[in-house]
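Open the model in your viewer and keep the sequence panel beside it. This tour goes stop by stop, with a selection to make at each one.

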Amino acid sequence: MRIDLHTHSSVSDGTETPAELLATARNAGLDVVALTDHDTTDGWAEAERTRPAGLTVVPGMELSCRWFLPDQPPISVHLLAYLFDPRHPALVDELVRLRTERLSRGERIVQNLVDDGYPLVWDDIVAGCSGGVIGRPHVARALVRAGAVGSVDEAFASLLHHRSPYYVAKADTEVIDGIRIVRDAGGVPVFAHGLARKRGRVLDDDTVRAMAEAGLLGIEVDHPDHDPEERAHMSGLAKELDLVTTGSSDYHGTNKTTPIAACTTEPEQLEMLLALGTGSPVYRD
Ligand code: AMP
Ligand code: FE
Ligand code: FE
Ligand code: ZN
């Protein structure tokens with residue numbers, strides 16, 4: 001059994017449609033894949049409709065959250081969520097708010113770049129993203145098309161990283177609220193790439209303990225942005241807190257160099273996760 005529980009389609013900031021992504025998953029020899037687009041469930045219907053025979057699909061999402069600190073900027077936290085009810089009213093409201101926030105914040109980042117002479121056209125960038133789920137990778141691709149940088153990675157390294165003068169933060173969901181909303185919707189909240197330091201500051205262990213207290217059910221341990229020591233640390237924390245551990249590629253098509261199935265989840269961990277989710281069924285034969 002090969003299981004990858006974190007992938008993005010073109011419904012958010014990946015480059016393959018959900019149907020293409022599932023074909024990629026099957027061709028890579030995966031038995032189980034989760035679709036976890038940022039802040040949207042809009043890809044679920046296509047995934048259910050186009051699922052190749054023999055592939056199990058876990059419907060999911062990656063919710064943009066933040067942890068507030070006194071006298072300091074908040075820390076960005078990505079919360080994977082699986083098997084929740086996508087019609088849960090509080091969740092639907094929060095996703096609408098997040099996508100509206102993505103649009104206004106994306107426009108501000110683009111305006112900052114335009115003010116400095118980068119030849120970007122906001123309307124073109126929005127037209128190239130599905131359902132308003134715009135993120136920095138869309139801006140990165142526009143910078144590549146404009147010839148301002150050679151690649152998406154270079155765009156992040158030089159212009160779009162979180163310390164860049166062009167960067168604007170999003171007003172993401174307070175993470176304890178996010179955990180509660182996902183649980184209320186019958187879902188399984190899992191802390192994504194929690195020690196990925198290149199993305200910004202990371203949470204300390206006591207904050208993860210507070211998240212577990214609030215209802216967190218899992219920790220993503222094996223992730224391309226975690227080195228062996230970080231994986232060992234997260235694994236120890238999951239053991240202490242009695243949480244499910246997952247592994248995944250965080251595949252984004254050609255927006256990242258990581259291939260699908262670069263990291264995978266143990267079958268017994270998947271079984272525990274599936275047993276905890278009550279808001280939506282998995283898609284399987
Ligand atoms: P945003 O949600 O708009 O803040 O953008 C964050 C997204 O940018 C992440 O989900 C990744 O898909 C992508 N990303 C972040 N850092 C990098 C990087 N160094 N290279 C390529 N993509 C990145
Ligand atoms: Fe992403
Ligand atoms: Fe993430
Ligand atoms: Zn992701």
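The stops below run from strands to metal sites to a pocket.

**Before you click**

This is a predicted model, in which local features need pLDDT of at least 70, side-chain atom pairs count only at pLDDT 80 or more, and totals for chains, interfaces and linings use all residues. Residues are numbered from 1 along each chain as its sequence is written, chains are lettered from A and ligands numbered from 1 in the order in which they are written, and side-chain values use heavy atoms, with hydrogens and water left out.

**Stop 1: strands 1, 2 and 3**

Select residues 32-35, which form strand 2. Helices (H or I, at least four residues) and strands (E, at least two) are DSSP runs numbered from the N terminus. Are the two faces of strand 2 covered or open? Both are covered: V32 and A34 on one side, V33 and L35 on the other, are all buried. Buried means under 20% relative accessible area, against over 50% for exposed and in between for partly exposed (1.4 Å probe, protein chains only).

Add residues 3-4, strand 1. Strands 1 and 2 run parallel and are joined by 2 bridges; two strands pair if DSSP finds at least two bridges between them. Pick D4 and you will find V33 as its bridge partner in strand 2.

Now add helix 1, residues 18-27. With strand 1 and strand 2 it makes a right-handed β-α-β unit. To check the hand, point the strands away from you: right-handed means that the path from the first strand over the helix to the second runs clockwise.

Then extend to strand 3, residues 56-69. Strand 3 runs parallel to strand 2, with 4 bridges between them. V32 stands opposite T56 here.

**Stop 2: the iron ion, ligand 2**

Select ligand 2 with D13, H38 and H252. Two OD entries from D13, plus NE2 of H38 and NE2 of H252, coordinate this iron ion at 2.1 to 2.8 Å. Donors are N, O and S atoms within 2.8 Å of the metal (3.2 Å for Na, K and Ca); water is not among the atoms, so sites may look incomplete.

Along the chain the donors follow the spacing D-x24-H-x213-H. D13 lies in the loop between strand 1 and helix 1, and H252 in the loop between strand 8 (244-247) and helix 10 (267-276), so the pair ties together parts that are 239 residues apart in sequence. D13 and H252 are both buried.

**Stop 3: the zinc ion, ligand 4**

Step 4.6 Å from the iron ion (ligand 2) to the zinc ion (ligand 4). Which residues hold the protein donors of this zinc ion? They are H6 (NE2), H8 (NE2), E62 (OE) and D250 (OD), lying 2.1 to 2.3 Å from it. Their spacing is H-x1-H-x53-E-x187-D. E62 lies in strand 3 and D250 in the loop between strand 8 and helix 10, so this pair ties together parts that are 188 residues apart in sequence. Both E62 and D250 are buried.

**Stop 4: the iron ion, ligand 3**

Keep E62 selected and add H78 and H193. E62 (OE), H78 (ND1) and H193 (NE2) are the protein donors of the iron ion (ligand 3), at 2.0 to 2.2 Å. Draw a distance to the iron ion (ligand 2): the two are 5.5 Å apart. H78 lies in strand 4 and H193 in the loop between strand 6 and helix 8, so they tie together parts that are 115 residues apart in sequence. H78 and H193 are both buried.

**Stop 5: strands 4, 6 and 7**

Select residues 188-191, strand 6. V188 and V190 point one way, P189 and F191 the other, and all are buried. Strand 4 runs antiparallel to strand 6, joined by 4 bridges, and A81 stands opposite P189.

On strand 7 (residues 218-222), 2 bridges make the link to strand 6, and the two run parallel. V190 stands opposite G218. Follow the chain from strand 6 through helix 8 (residues 205-214) to strand 7: this β-α-β crossover is right-handed.

**Stop 6: the largest pocket**

Finish with S76, R136, H162, R199 and G200, which lie nearest the centre of the largest pocket among its 48 lining residues. A pocket here is an open set of points on a 1 Å grid over the protein atoms alone, where a 1.4 Å probe fits, with protein on both sides within 12 Å along at least five of seven lines; lining residues have an atom within 4 Å of a point. Strand 4 (72-82) is one of the elements that each supply at least two lining residues, and strand 4 gives the most, with 6.
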